[in-house]
Each structure stands twice: as structure tokens, then as C-alpha cells.
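I opened the notebook to record what I looked up, site by site. Entries follow in the order I made them.

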Amino acid sequence: MPELPEVEVTRRGLAPQLAGRRISGVSVREPRLRWPVPRDVLALAGRTVSAVRRRGKYLLVDCGDGHLILHLGMSGSLRVLPPDTPPGKHDHFDLLLGDRLLRLRDPRRFGAVLWAAGDVEAHPLLAHLGVEPLSRALTPQRLHALTRAHRTAIKHFLMDGRRVVGVGNIYASEALFRAGISPRRSAKRIKRAEFDALAKSIKVVLRAAIRAGGTTLRDYVNPEGTPGYFRQKLYVYERTREPCRVCRTPIKHFVQGQRSTYFCPKCQK
Ligand SMILES: [Zn+2]
């Protein structure tokens with residue numbers, strides 16, 4: 001499943017190819033995605049794309065008076081292709097931009113193509129999203145304040161998109177390792193000083209994954225069609241019984257809220 005780094009890599013690939021271009025047509029071959037593709041999308045021709053932004057794992061194509069909201073779901077990918085490229089079986093949506101087209105391929109159809117007129121931040125899918133982890137808003141102070149009311153485990157807290165957005169299982173596991181914090185600890189019991197390391201670690205793991213082009217995942221390819229190379233740099237994720245890269249203690253694994261959690265019992269307290 002594409003996570004925040006993959007979506008940000010996609011955004012960076014798409015933005016220079018789309019910004020400033022006039023939409024010349026829209027093609028919806030399969031409207032039955034996670035939510036039905038609204039008819040508003042068919043009326044986008046004539047608008048100009050001014051920017052491609054991101055909020056959590058949503059890509060926001062700014063069309064001036066509204067935003068095309070794109071989500072990659074479980075298996076989606078976006079490519080910029082020559083306008084005469086024949087569509088494949090899972091190529092459900094095209095945004096035509098004169099000499100090129102933006103194409104959504106999504107075999108499992110959990111992705112989304114939606115339209116938000118006016119203030120996109122007020123859209124029901126975006127209005128309740130938590131702090132952007134790569135923004136200046138994610139500080140140790142903010143994390144400390146947000147966790148005071150939460151008895152839930154710190155890993156659950158980090159993965160709750162209403163608190164902090166876009167930190168999935170891989171990045172929560174890796175950030176907690178780097179910060180030396182056990183994933184089982186109650187969020188509200190983590191001390192203020194420990195959030196210095198945690199806030200920094202969250203940004204470090206996400207930025208490293210973005211630089212590497214996203215984590216290698218089965219269904220994911222970035223806009224150039226090549227898999228990411230972050231996986232070989234992971235410290236704990238899917239490394240059960242392998243030696244910790246810091247202390248050689250075997251990495252442990254347990255199931256926490258139906259998700260696998262990986263940690264080093266010696267490095268993480
Ligand atoms: Zn260790």
C-alpha cells in the first residue's frame with residue numbers, strides 16, 4: 001500500500017509535469033473506485049492546473065476554483081504518459097493535458113478520484129486529518145501535548161491519522177526504534193524530553209524514504225516506473241529474529257491491534 005513517502009515521491013514527480021497546464025479532457029473508464037467518481041470531474045476541461053499539493057496521503061490537484069483529490073488506495077499508481085498511450089485493463093482514469101496525460105492505474109480499485117469545490121481543507125476526507133509529520137507543526141511540544149489524553153500505546157497513537165497523518169506501520173516502527181522507545185508504552189507516559197528524539201526520528205525516516213523513492217512494496221511503482229529502495233535500510237520492520245543493526249539482539253515481533261509490530265527489546269525502553 002502506498003504510504004506517505006510514496007505519495008510525496010509521486011507528487012514531486014507529477015508537480016512539474018502538470019503545473020501550468022490546461023486540462024484538455026477527462027476520461028473515466030471505470031467510475032466504481034472506493035467512492036464513485038463524481039460527474040463534476042467530467043467538467044474539468046478548460047481549467048488550468050496551478051499546483052499539485054499533498055495532505056496526508058491525498059494528492060490535491062489545484063484547478064483554481066477547486067481541487068481534484070486523488071488517492072492511491074491499496075494499489076494505485078499515477079503516470080504521466082504520451083496522449084495516445086492505449087489504456088490497460090486497470091487504467092481507470094485519465095486527465096488529458098494537451099501533449100500528455102495523467103493516468104491512474106488501480107487494479108484493486110480502492111483509490112479515489114474526487115472533486116472539491118472551494119476550500120479543500122474543509123472536505124470531509126481532509127477536515128479531521130492530524131498534524132502533517134513533515135511540517136513545522138510537528139514539534140516535540142505538539143506531540144507531548146497531543147499525547148497527554150491518550151492511554152493508548154504510542155505506536156497506535158502515531159498511526160492514528162486523526163492525531164498525526166500518514167505515519168504507517170513501517171514508519172512508526174522505524175521511528176520508535178530510532179528514538180529508543182518501546183512501541184508498547186502508553187502514549188501519555190512518554191516524557192517531554194523523549195519527544196525530542198521521537199519528533200526528529202519521524203521526520204528522519206520519512207525523509208529517508210522519500211529520498212530513496214519510497215519503500216519497495218509489491219504493488220507500488222513511482223512515477224518513473226521503478227521500485228523504491230528504502231527497504232534495505234530498515235532497522236526493525238519485517239526483520240524478526242534477525243540481529244539488531246545496533247546491538248545484535250534478535251529483533252522481536254508481536255501483534256498489536258491486528259498489526260505486526262517489530263522492535264529491539266534492548267534498544268527500545
Ligand atoms: Zn538493539
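**Entry 1: a loop residue**

Leaving aside neighbours within four places in sequence, which residues is Asp 99 in contact with? I am working on a predicted model. I listed the contacts and found Arg 21 and Pro 83. Asp 99 sits in the loop between S6 and S7. I then asked for its accessibility: the relative accessible area is 46%. The band for partly exposed runs between 20% and 50%, so Asp 99 falls into it. I also took a distance to Leu 70. The two residues are 29 apart in sequence, and their C-alpha atoms are 21 Å apart in space.

**Entry 2: the sheet around that loop**

I traced the strands on either side of the loop. S6 covers residues 91–96 and S7 covers residues 101–105. They pair in the antiparallel sense, over five bridges. I picked out one bridge: Asp 94 has Arg 103 in S7 as its partner.

Which order do the four strands take in this open sheet? I read S1-S6-S7-S5, with antiparallel pairing. Strand S1 (25–28) and strand S5 (77–81) stand at the edges. Each has a single partner strand, so one side of each is left without a neighbour in the sheet. Neighbouring strands here are turned by 15° against each other on average, direction ignored.

**Entry 3: the other four-strand sheet**

I moved on to an open sheet with the order S2-S3-S4-S8, where the pairing is antiparallel. Strand S2 (51–55) and strand S8 (112–117) are its edge strands, each pairing on one side only. From one strand to the next, the twist averages 25°.

I went through the pairings. S2 and S3 run antiparallel and are joined by five bridges. Within this pair, Arg 53 has Leu 60 in S3 as its bridge partner. The hairpin of S2 and S3 has two residues between the strands, and Gly 56 takes a positive phi near 60° there. Strand S4 (residues 66–71) pairs with S8 over six bridges, again in the antiparallel sense. Leu 70 has Val 113 in S8 as its bridge partner.

How many of the five residues of S2 are buried? I counted four, and S2 is mostly covered.

**Entry 4: helix H1 against the strands**

I checked which strands helix H1 (residues 4–18) lies across. S5 and S7 came up, with H1 running at about 30° to S5. S2 and strand S3 (58–62) came up too, with H1 at about 170° to S2.

**Entry 5: a histidine after S8**

Is His 123 buried or exposed? I got a relative accessible area of 16%. The cut-off for buried is under 20%, so His 123 counts as buried. This residue lies in the loop between S8 and helix H2 (140–147). Not counting residues up to four places away in sequence, His 123 touches Ile 69 and Ala 116. I also took its distance to Leu 97, which is 26 residues away along the chain: the C-alpha atoms are separated by 25 Å.

**Entry 6: nonpolar cores**

I looked up the largest nonpolar core and found 32 residues in it. Among those with the most contacts inside it are Leu 143, Ile 154, Leu 158 and Val 167. Helix H3 (154–159), helix H4 (169–179) and H5 each supply at least two residues of this core. A second, separate core has 26 residues, including Leu 44, Val 49, Leu 97 and Leu 102.

I went back to Leu 158 for its own contacts. Leaving aside neighbours within four places in sequence, Leu 158 is in contact with Val 164, Val 167, Ala 172, Leu 176, Leu 198 and Ile 202.

**Entry 7: the zinc ion**

Which residues coordinate the zinc ion? I found Cys 244, Cys 247, Cys 264 and Cys 267, each through SG, at 2.2 to 2.4 Å. The angles among the four donor atoms are 100 to 113°, and the site is tetrahedral. In sequence the donor residues are spaced C-x2-C-x16-C-x2-C.

One pair links distant parts of the chain, 20 residues apart. Cys 247 is in the loop between helix H5 (194–211) and strand S9 (252–256), and Cys 267 is in the segment after strand S10 (259–263). I closed with their accessibilities. Cys 247 is partly exposed at 21% relative accessibility. Cys 267 is partly exposed as well, at 24%.

Terms used:
Residues numbered from 1 in each chain as written. Predicted model: local features only at pLDDT ≥ 70, side-chain atom pairs only at ≥ 80, totals over all residues. Heavy atoms only, no water. Donors = N, O, S within 2.8 Å, 3.2 Å for Na, K, Ca; no water. Tetrahedral: all angles 85-135°; square planar, octahedral: opposite > 155°, others 65-115°. Buried < 20%, exposed > 50% of the residue type's maximum accessible area, 1.4 Å probe, protein only. Core = buried A, V, L, I, M, F, W, Y, C linked by side-chain atoms within 4.5 Å. Contact = heavy atoms within 4.5 Å. Pairing = 2+ DSSP bridges. Axes fitted to C-alpha atoms, helices over the stretch in contact; angles between N-to-C directions.
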